[in-house]
Amino acid sequence: MKFLVLHHTLNSAGGGERVSLAIIEALKELGKGEVNLGTVEKTDWKKVKNIFGNVTLPDKEMNILPFKLNLFGIYQRSLTGLYAYKYRKKYDLIINSHGDVMPAFCDVTYMHFPTFTLLKQPITFIKHRDFVKYRKNLFWRIYFIPYEFIQTKLVEKYLEHSLILTNSLFSQSIIKQWTGKKAQVVYPPVEIEKFYFKNDFRDNIIVTCSRFTYEKGLT
């Protein structure tokens, strides 16, 4: 079998990228065939390994651009749809791990919080910096609106036969509200072994693993 994992860039090395790497690792562990990765920009594996530690590499990596483009970030995500369109018949399973709907059919879509719904949320709904930026800044609002329109149209056509996965019940509810599709919750991978210690006299303590950003509300 041949598997293709699509992610616009792993160089951001955030939670979404960790999910993509975990998908590659899981497919490789199955030992059922070749696992390829399709990205927009070439992966800086040294940087990725420095942040995540040892990672499982794909058998092959394909890049749309030979250089890093620091412009039109949210629009770059859809470019990986070129792989899905071009190689649809060559792969047994195509997985979109960044979650933005692409202009091509993918067998599995791991949709994080659907970015295209940011402006549709009530002003008190979320404190994410992009939500504030796209709503209050005229330039970024103009930049965002075409993306919102395109994604809304793509949802209508390309999610119909895709298995939708998401990272939480919260994201599941938003996806259901704005796409009409029920996503299956598959929680993101956390390497709990790094935080585990044996102690017979432990207190009742809750440990939260999260990125330290404002919208996480950790303070």
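How much accessible surface does the chain have, and what share of it belongs to carbon and sulfur atoms? In this predicted model, the accessible surface of the chain comes to about 13,500 Å², and carbon and sulfur atoms hold 57% of that area.

**Overall organisation**

The chain is built from 7 helices and 7 strands. Read from the N terminus, these elements follow the order β-α-β-α-β-α-α-β-β-α-α-β-α-β. The chain has 219 residues, of which 43% count as buried. Of the contacts between residues at least 6 apart in sequence, 61% join residues at least 24 apart.

**Strand E1 and its partners**

Strand E1 covers residues 2-6, and 4 of its 5 residues are buried, so the strand is largely enclosed by the rest of the structure. Two parallel partners of E1 can be described. With strand E2 (residues 34-39), E1 shares 5 bridges, and the two strands run parallel. Within this pairing, Lys2 has Glu34 of E2 as its bridge partner. With strand E4 (residues 93-96), E1 shares 4 bridges, again in a parallel arrangement. Here Leu6 stands opposite Asn96 of E4.

E1 and E2 also belong to a β-α-β unit together with helix H1 (residues 15-30), and this unit is right-handed.

**Aromatic residues**

The whole structure contains 8 aromatic pairs. One of them joins Tyr87 and Tyr91 in an edge-to-face arrangement, with 6.3 Å from centre to centre and 80° between the planes. Another involves Phe139 and Trp140, whose ring centres are 5.2 Å apart; their planes stand at 80°, so this pair is edge-to-face as well.

The accessibility of the four residues is set out below.

| Residue | Relative accessible area | Class |
|---|---|---|
| Tyr87 | 17% | buried |
| Tyr91 | 7% | buried |
| Phe139 | 55% | exposed |
| Trp140 | 28% | partly exposed |

Why does Tyr87 count as buried? Its relative accessibility is 17%, and buried means under 20%. Phe139, in contrast, is exposed, because its relative accessible area is 55% and exposed means over 50%.

Phe139 and Trp140 are also members of one aromatic cluster, which further includes Tyr75, Tyr143, Phe144 and Tyr147.

**A link between strand and ring**

Which residue lies over the face of Tyr91? That residue is Lys2, at 4.9 Å from the ring centre. Lys2 thus appears in two settings: bridged to Glu34 in E2, and placed over the face of Tyr91. Tyr91, for its part, is buried and forms the edge-to-face pair with Tyr87.

Conventions: Residues numbered from 1 in each chain as written. Predicted model: local features only at pLDDT ≥ 70, side-chain atom pairs only at ≥ 80, totals over all residues. Heavy atoms only, no water. Buried < 20%, exposed > 50% of the residue type's maximum accessible area, 1.4 Å probe, protein only. Pairing = 2+ DSSP bridges. Right-handed = clockwise from strand over helix to strand, strands pointing away. Contact = heavy atoms within 4.5 Å. Areas by Shrake-Rupley, 256 points an atom, 1.4 Å probe, with all protein chains shown as cover. Phe/Tyr/Trp six-rings, centres within 6.5 Å; stacked < 30°, edge-to-face > 60°. Lys NZ or Arg CZ within 6 Å of the ring centre and 35° of its normal.
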